[in-house]
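Visitor: I'd like a close look at a single part of this one. Could you pick a strand, walk me along it, and then follow its contacts outward?

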Amino acid sequence: MEGSWVEEKRLFHGSPHAQEIATDGFDRGYAKDSGMFGKGVYFAENSSKSNNYAYGNFSPCKDHTNRQCELCTLCKVALGKVFETTSTVKSCPRGYHSVKALPQRGFLNHVEYIIYNDDQVYPRFLIEYTTTYTAQVVPRPNPQIDPFFRQFLRLKRMMNKPQQNRQNTKGCIIL
């Protein structure tokens with residue numbers, strides 16, 4: 001990418017390790033290969049999408065000792081030449097610098113960006129926020145038919161957390 005124009009975007013990244021990411025930067029060595037797009041770093045245009053992955057911070061923060069806060073990062077991401085897809089890929093195709101996964105019914109609800117090189121991202125802001133959770137009843141697909149749903153159920157059992165609908169997000173940016 002040296003010497004050429006590079007597309008950059010400000011994108012959200014949710015992680016229970018947002019504090020460490022903001023302090024030390026990204027380390028793809030901690031990424032799991034089990035994601036839909038392989039061992040990459042995942043970003044979203046919508047904070048609500050990244051909020052799904054920030055779940056799990058839940059510890060009192062220094063400013064709000066009476067309530068639990070969540071954290072996510074707003075990052076400057078150098079996308080370079082972007083490969084757009086509506087199906088899964090496990091790595092960035094040759095000649096491309098990032099993957100843009102496009103929403104499609106039964107696949108994704110939000111645009112996601114994936115990079116496979118830690119040097120392409122700079123965590124610019126650490127965002128601290130609280131949310132109000134309400135339970136939501138969701139119709140369940142048949143696990144015998146849908147392999148993605150089987151994987152989801154395994155992950156859900158591992159996390160041992162109920163499905164929740166996050167509403168009324170309020171927060172502040174920590175500089």
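Guide: Here is a walk along one strand, followed by a look at the parts around it. Keep in mind that this is a predicted model.

A quick bit of orientation first. The protein chain has 3 helices and 9 strands, and from the N terminus on they come in the order β-α-β-α-β-β-β-β-β-β-α-β. Of its 175 residues, 35% count as buried. Look at contacts with a separation of 6 or more, and 69% of them are between residues 24 or more positions apart. The chain exposes about 11,400 Å², with carbon and sulfur atoms supplying 50% of that.

The strand I'd pick is β7, residues 112–115. Both of its faces are covered: Glu112 and Ile114 are buried on one side, and Tyr113 and Ile115 are buried on the other. As for strand partners, β2 (residues 41–44) pairs with β7 in the antiparallel sense, over 4 bridges. Strand β6 (residues 98–101) pairs with β7 as well, again antiparallel and over 4 bridges. If you want to find the register by eye, look for valine 41, whose bridge partner in β7 is isoleucine 115. For the β6 pairing, find lysine 100, which stands opposite tyrosine 113.

Now for what packs around the strand. A general point helps here: in soluble globular proteins, nonpolar side chains tend to be buried together. In this model, the largest nonpolar core has 12 residues, and both Tyr113 and Ile115 belong to it. Val41 and Phe43 are in that core too, along with Leu11, Ile21, Phe26, Cys75, Val77, Leu79, Val111 and Val121. Strands β2, β4 (68–78) and β7 each supply at least two of these residues. Ile114 belongs elsewhere: a second, separate core of 9 residues includes Ile114 together with Phe37, Leu108 and Tyr116.

Valine 41 is a handy residue to click on. Leaving aside neighbours within four places in sequence, valine 41 is in contact with Tyr113, Ile114 and Ile115, and also with His13, Phe26, Arg28 and Asp118.

Then there's the charged residue in the strand. Glutamate 112 sits in β7 and has a relative accessible area of 7%, so it counts as buried. Its side chain makes a polar contact with the side chain of lysine 49, at 3.2 Å. Not counting residues up to four places away in sequence, glutamate 112 also touches Tyr42, Phe43, Val99, Lys100 and Ala101.

Cross over to the other end of that polar contact and you're in helix α2 (residues 47–54), where lysine 49 is found. At 13% relative accessibility, lysine 49 counts as buried too. With residues up to four places away set aside, it touches Ala44, His110 and Glu112. Lysine 49 and histidine 110 are 61 residues apart in sequence, yet their C-alpha atoms are 7.1 Å apart in space.

Back to β4, which came up with the largest core. Threonine 73 has its place in that strand, and it is buried, with a relative accessible area of 0%. Outside the residues up to four places away, threonine 73 touches Leu11, Phe12, His13, Ala18, Ile21, Ala22, Phe26, Phe125 and Leu126. Its C-alpha is 9.7 Å from that of phenylalanine 43, which is 30 residues away along the chain.

Last, the rings. A search of the whole structure turns up 4 aromatic pairs. One of them joins phenylalanine 37 and tyrosine 42 in a tilted arrangement, 6.2 Å centre to centre with 50° between the planes. Phenylalanine 37 is buried, at 0% relative accessible area, while tyrosine 42 is partly exposed, at 23%. Another pair brings together phenylalanine 83 and tyrosine 96: their ring centres are 5.3 Å apart and their planes are at 70°, so the pair is edge-to-face. Phenylalanine 83 lies in strand β5 (residues 82–85) and tyrosine 96 in the loop between β5 and β6, so this pair ties together parts 13 residues apart in sequence. Both rings belong to partly exposed residues, with phenylalanine 83 at 23% and tyrosine 96 at 29%. Finally, Phe37 and Tyr42 form one aromatic cluster with Phe107.

Conventions. Residues are numbered from 1 along each chain as its sequence is written. This is a predicted model: local features need pLDDT of at least 70, side-chain atom pairs count only at pLDDT 80 or more; totals for chains, interfaces and linings use all residues. Side-chain values use heavy atoms; hydrogens and water are left out. Buried means under 20% relative accessible area, exposed over 50%, partly exposed in between (1.4 Å probe, protein chains only). Helices (H or I, at least four residues) and strands (E, at least two) are DSSP runs, numbered from the N terminus. Two strands pair if DSSP finds at least two bridges between them. A nonpolar core is a set of buried Ala, Val, Leu, Ile, Met, Phe, Trp, Tyr and Cys residues joined through side-chain atoms within 4.5 Å. Contact means heavy atoms within 4.5 Å. Accessible areas come from the Shrake-Rupley method with a 1.4 Å probe; for residues, only the protein chains shown count as cover. A polar contact is a pair of N or O atoms within 3.5 Å; within protein, one must be able to donate a hydrogen and the other to accept it, and residues adjacent in sequence count only if both atoms are side-chain atoms. Rings of Phe, Tyr and Trp (its six-membered ring) pair if their centres lie within 6.5 Å; planes under 30 degrees apart count as stacked, over 60 as edge-to-face and the rest as tilted.
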